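This report walks through a metal site, a ligand pocket and a few residues elsewhere in the fold. Keep the structure open while reading.

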Amino acid sequence: MSKEDMWIKVQNAQTIAIGGHVRPDGDCVGSCMALYRYLCMAFPEKKVDVFFESMPTQFAELFEKDSYQIGFKEALDQYDLFFSLDCGDKERLGDGAKVFEEAKETICIDHHISNIGYAALNFIAPKASSASEVLYELLDDTKINTDVATALYLGIAHDSGVFKYSCTSKRTMEIAGVLIEKGVDTNTLLDQTFYHKSYVQNQILGRVLLESILLLNGKVIASCVTNKIMKFYGATSSDLDGIVEQLKLTDGVEMAVLVHEIEPLVYKVSMRSGDKINVASIAKHFGGGGHVKAAGCTMSGTYYDIMNILLELADIQLNKRKERK
Ligand code: 5GP
Ligand code: MN
């Protein structure tokens, strides 16, 4: 599997679809839009479509509204090539999974440790900061213009917590440097998409922090957002971005858990951890996945049932460490 194999597949395709995971984040939107812009520029004769389940408002301003599609309603019955980006498993493509399966050729570009390589051609680098970083390595950087660079920078900055998480390597910074030279307005981009919060986002952040509880002697912090609370604030799931990271910043905490009701007795679970707990392995138990220090899954039951199970798994990992010392 090499970069050349990918470009041969691109050359051979007349119709190309690009899709990422459900509930898109900065890396998903950034990598998909970067590839879309690059392909449109390098291959103007090809039909290239990019799809998202939704477009979080903080990213919408960066991209022309008619350049991407929300949902797969307008998708062709069959594409010559489907690119899956930042998506650890096929199911997380949501409605895109069907389009992926129908495509003649498939390529996956990702950085999730849990990714088993579900496409025909896979570029998976679990140590990379982001799918956008993996994508950058596959592009010809002499062809990267300001628009492509802006989308790549968005993805890398978001998935590295603005170059803070341990996934940020020397290479990540080198790539960021190249992208800055391409003319990315980093200050505006980071303020607009990362630091600025809407009133609703701040309200719900406050509520989640206020209702959080410490467990396992302060090693775990957890909070739950019900549908009722979401409705009360008029919040959407993308308004919860960054909240679990804020919980994780609490002194002494090894694992932060944000449990978000998506339907009665069904919850989306987001986890963040420090050095002592591998949350990807916990998420995997429940059909989810992600990274060692940032992972998620969907679980059924009440908030208390879910926390009981997660605490047991966290406790096993915390105690194993103690026993080894
Ligand atoms: P978040 O907590 O921000 O939703 O996700 C953290 C990380 O775990 C992300 O890299 C995300 O892609 C991954 N992740 C979250 N939920 C799931 C899931 O249900 N399945 C899989 N495979 N990965 C997930
Ligand atoms: Mn990512």
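## The manganese site

In this predicted model, the manganese ion (ligand 2) takes its protein donors from Asp27 (OD), Asp86 (OD), His111 (NE2) and Asp159 (OD), at 2.1 to 2.4 Å. Along the chain these donors follow the spacing D-x58-D-x24-H-x47-D. His111 and Asp159 tie together distant parts of the chain, 48 residues apart. His111 sits in the loop between strand 5 and strand 6, while Asp159 belongs to helix 6 (residues 146-159).

Are these two donors buried or exposed? His111 has a relative accessible area of 2%, so it counts as buried. Asp159 has 17% relative accessibility; the cut-off for buried is under 20%, so Asp159 counts as buried too.

## Asn115, in the loop with His111

Asn115 lies in the loop between strand 5 (105-110) and strand 6 (121-124). The loop between strand 5 and strand 6 also holds the donor His111. Asn115 is buried, with a relative accessible area of 10%.

Which backbone atoms does the side chain of Asn115 reach? One is the backbone oxygen of Cys87, at 3.4 Å. Another is the backbone nitrogen of Gly117, which lies 2.7 Å from a polar atom of the Asn115 side chain. Beyond its neighbours within four places in sequence, Asn115 is in contact with Cys87, Gly88, Cys108, Asp110 and Ile124. Cys87 thus appears both as a polar partner and in the contact list.

## The ligand 1 pocket

Ligand 1 has 14 residues around it. Those that come nearest are Asp89, His112, Lys268, Ser270 and Arg272. Three side chains place a polar atom by an oxygen atom of ligand 1, as tabulated here.

| Side chain | Distance to an oxygen atom of ligand 1 |
|---|---|
| Arg92 | 2.9 Å |
| Ser270 | 2.6 Å |
| Arg272 | 2.7 Å |

How much of ligand 1 does the protein cover? On its own, ligand 1 has 490 Å² of accessible area, and the protein covers 84% of it. Strand 10 (266-273), strand 11 (289-290) and strand 12 (294-300) are the elements that give two or more residues to the shell. Strand 12 makes the largest contribution, with four residues.

## Helix 8 and its cover

Helix 8 spans residues 186-195. Its residues Leu189, Leu190 and Thr193 are buried. They lie on the same side of helix 8, because they cover an arc of only 95 degrees around the axis. As background, an α-helix has 3.6 residues a turn, so residues three or four places apart point the same way.

What covers the buried residues of helix 8? The cover includes helix 3 (57-60) and helix 6. Helix 6 is also the element that carries the manganese donor Asp159.

## Lys9, in helix 1

Lys9 is found in helix 1 (residues 3-12). With 21% relative accessibility, Lys9 counts as partly exposed. The class of partly exposed starts where buried, under 20%, ends, so the 21% of Lys9 puts it in that class.

Which residues does Lys9 touch? Not counting residues up to four places away in sequence, they are Leu81, Glu105, Ile107 and Leu121. Leu62 is 53 residues from Lys9 in sequence, and their C-alpha atoms are 29 Å apart in space.

Key
Residues are numbered from 1 along each chain as its sequence is written. Chains are lettered from A and ligands numbered from 1 in the order in which they are written. This is a predicted model: local features need pLDDT of at least 70, side-chain atom pairs count only at pLDDT 80 or more; totals for chains, interfaces and linings use all residues. Side-chain values use heavy atoms; hydrogens and water are left out. Buried means under 20% relative accessible area, exposed over 50%, partly exposed in between (1.4 Å probe, protein chains only). A polar contact is a pair of N or O atoms within 3.5 Å; within protein, one must be able to donate a hydrogen and the other to accept it, and residues adjacent in sequence count only if both atoms are side-chain atoms. Contact means heavy atoms within 4.5 Å. Donors are N, O and S atoms within 2.8 Å of the metal (3.2 Å for Na, K and Ca); water is not among the atoms, so sites may look incomplete. The arc is that of the directions from the helix axis to the C-beta atoms. A residue is near a molecule or strand if one of its heavy atoms lies within 4 Å of it. Accessible areas come from the Shrake-Rupley method with a 1.4 Å probe; for residues, only the protein chains shown count as cover.
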